[in-house]
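Here is a short tour of a structure for anyone who likes to keep coordinates open while reading. Load it in your favourite viewer and follow along.

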Amino acid sequence: MAPVQSAAAARPLPVRKTRRSWTGWGFIGPFALVFTLVFLAPIAYSVHLSLFQDRLIGGTTFVGLDNYQRALQDREFWEGVGRVGLFLVVQVPVMLGIALLVALALDSGRLYGKSFFRIAIFLPYAVPAVVAALMWGFLYGTRFGLVGDIDDALNTTLPDPLSPGLVLASIGNIVTWEFAGYNMLILYSALRVIPASLYEAAEIDGAGQLRVITAIKLPAIRGALAIATIFSIIGSFQLFNEPSILRSLAPNAITTSYTPNLYTYALSFNGQQQNYAATVAIVMGLITMVVAYVVQLRGMRKAA
């Protein structure tokens, strides 16, 4: 019997065919479907549109990368990019500086009426951008608004905020008014989670308020500051509502290509150039993505 048992034991067991489990796909399937439809499909369709041109003769024709080559040489597009770049360099630091000062003041514990100021500064963010642009547009008006009333009352002539030289700063003022409270809330939330033990250690060491801010608070909220900066950069490149609304009040100062988004809108709905509009949108998206990524990378390195 012994040789028979050893032969049976030495016989290799049949390989059991494993059945592939689809349970995991059942969980991620709905998300993957929605993600594909609402995120990937619009991008893929825009890329598809950018590879064609609608011509009078021949209809819609595949042109490869010709639209991209045209966008790289489009003076109006790059003037708009330069304008929002200037807007970003000036407006974003001012807005974040105001938001940081307000957040530090609220967190200091020495401000009376803290709840009132917090809500009052955040309230403009709840105002729709169209309403905010209309409101400030009427304030800026030299013939019918606050500026015009001041001119009449003082018998003087103030600079026109909607003139070509000042309209970008006027738009920056509107955007700062709208979003300073939003960024303040991000920074204030980061300040509130700093451990109290750090403040107690600083007090034992005799550190003053300025030292506490520079040595504890600012390093602790560096990540939140980087996130607020990235959101602000993306918002600057997406500038559309404010110049679009103010354009009816200042048609000589704000052209159809004043910002890349305005230019894309004009190409698509006024010029019937949907294919080229899709190309401009993709190029602008890539520029925004690269700038936001570089800022994020620098912010993470400093945080590390």
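The report below starts with the record annotations, moves to a pair of crossing helices, and then visits a few single residues.

## What the record says

Please keep in mind that this is a predicted model. The unreviewed UniProt entry lists a domain, "ABC transmembrane type-1", at residues 81-295. In the model, that span is 76% helix and 0% strand, and its end C-alpha atoms lie 18 Å apart.

The unreviewed entry also places the feature "transmembrane region" at residues 21-45, 84-104, 116-139, 166-188, 220-240 and 276-295. Two of these stretches can be described in the model's own terms. Residues 116-139 are 92% helix and 0% strand, with 25 Å between the end C-alpha atoms. For residues 166-188 the helix content is 96% and the strand content 0%, and the end C-alpha atoms are 32 Å apart.

## H4 against H11

Next comes a helix pair. Helix H4 covers residues 75-107 and helix H11 covers residues 222-237; their axes come within 9 Å and cross at roughly 145°. The crossing of H4 and H11 is right-handed. On the H4 side, the contact is made by Val 84, Phe 87, Leu 88, Gln 91, Val 92, Met 95 and Leu 96. H11 contributes Ala 228, Thr 229, Ser 232, Ile 233, Ser 236 and Phe 237. Sorted by class, the contact holds nine nonpolar and four polar residues, and no charged ones.

Arg 222 is also found in H11. What is its exposure class? Arg 222 counts as partly exposed, because its relative accessibility is 34%, which falls between the 20% and 50% limits. The C-alpha atoms of Arg 222 and Thr 36 are separated by 34 Å, with their positions 186 residues apart along the chain.

One of the H4 residues in the helix contact, Val 84, turns up again in the surroundings of Thr 259. Thr 259 sits in the loop between helix H12 (241-246) and helix H13 (260-270). Apart from neighbours within four places in sequence, Thr 259 is in contact with Gly 80, Val 84, Leu 239 and Pro 243. With a relative accessible area of 1%, Thr 259 is buried.

## Around Ser 50 and Val 47

Helix H2 spans residues 23-50, and Ser 50 belongs to it. Is Ser 50 buried or exposed? Ser 50 is buried, since its relative accessible area is 0% and the limit for buried is under 20%. Setting aside neighbours within four places in sequence, Ser 50 is in contact with Gly 64, Asn 67, Tyr 68, Asn 275, Ala 278, Thr 279 and Ile 282. With Tyr 68 there is a polar contact between the two side chains, at 2.7 Å. Asp 66 is 16 residues away from Ser 50 in sequence, and their C-alpha atoms are 8.9 Å apart.

Val 47 lies in H2 as well. Val 47 is partly exposed, with 34% relative accessibility. Its C-alpha atom is 9.1 Å from that of Asn 275, although the two residues are 228 apart along the chain.

## Along H8

Helix H8 runs over residues 167-192 and includes Ser 170. Ser 170 is in contact with Tyr 140 and Pro 161, leaving aside neighbours within four places in sequence. Glu 178 also has its place in H8. Which residues does Glu 178 touch, not counting residues up to four places away in sequence? They are Pro 124, Tyr 125, Ala 129, Ala 132 and Glu 242. The C-alpha atoms of Glu 178 and Pro 42 are separated by 29 Å, and the two residues are 136 apart along the chain.

Asn 155 is found in the loop between helix H7 (146-154) and H8. Its phi is near 55°, a positive value in a residue other than glycine.

The table gives the exposure of these three residues.

| Residue | Relative accessible area | Class |
|---|---|---|
| Ser 170 | 7% | buried |
| Glu 178 | 3% | buried |
| Asn 155 | 73% | exposed |

Conventions. Residues are numbered from 1 along each chain as its sequence is written. This is a predicted model: local features need pLDDT of at least 70, side-chain atom pairs count only at pLDDT 80 or more; totals for chains, interfaces and linings use all residues. Side-chain values use heavy atoms; hydrogens and water are left out. UniProt positions are given in the numbering used here, feature names are shortened, and annotations may be inferred rather than shown by experiment. Helices (H or I, at least four residues) and strands (E, at least two) are DSSP runs, numbered from the N terminus. Buried means under 20% relative accessible area, exposed over 50%, partly exposed in between (1.4 Å probe, protein chains only). Contact means heavy atoms within 4.5 Å. A polar contact is a pair of N or O atoms within 3.5 Å; within protein, one must be able to donate a hydrogen and the other to accept it, and residues adjacent in sequence count only if both atoms are side-chain atoms. Axes are lines fitted to C-alpha atoms, for helices over the stretch in contact, and angles run from 0 to 180 degrees between N-to-C directions. A crossing is left-handed if the near helix is turned anticlockwise from the far one by less than a right angle, and right-handed if clockwise. Ala, Val, Leu, Ile, Met, Phe, Trp, Tyr, Cys and Pro count as nonpolar, Asp, Glu, Lys and Arg as charged, and the others, Gly among them, as polar.
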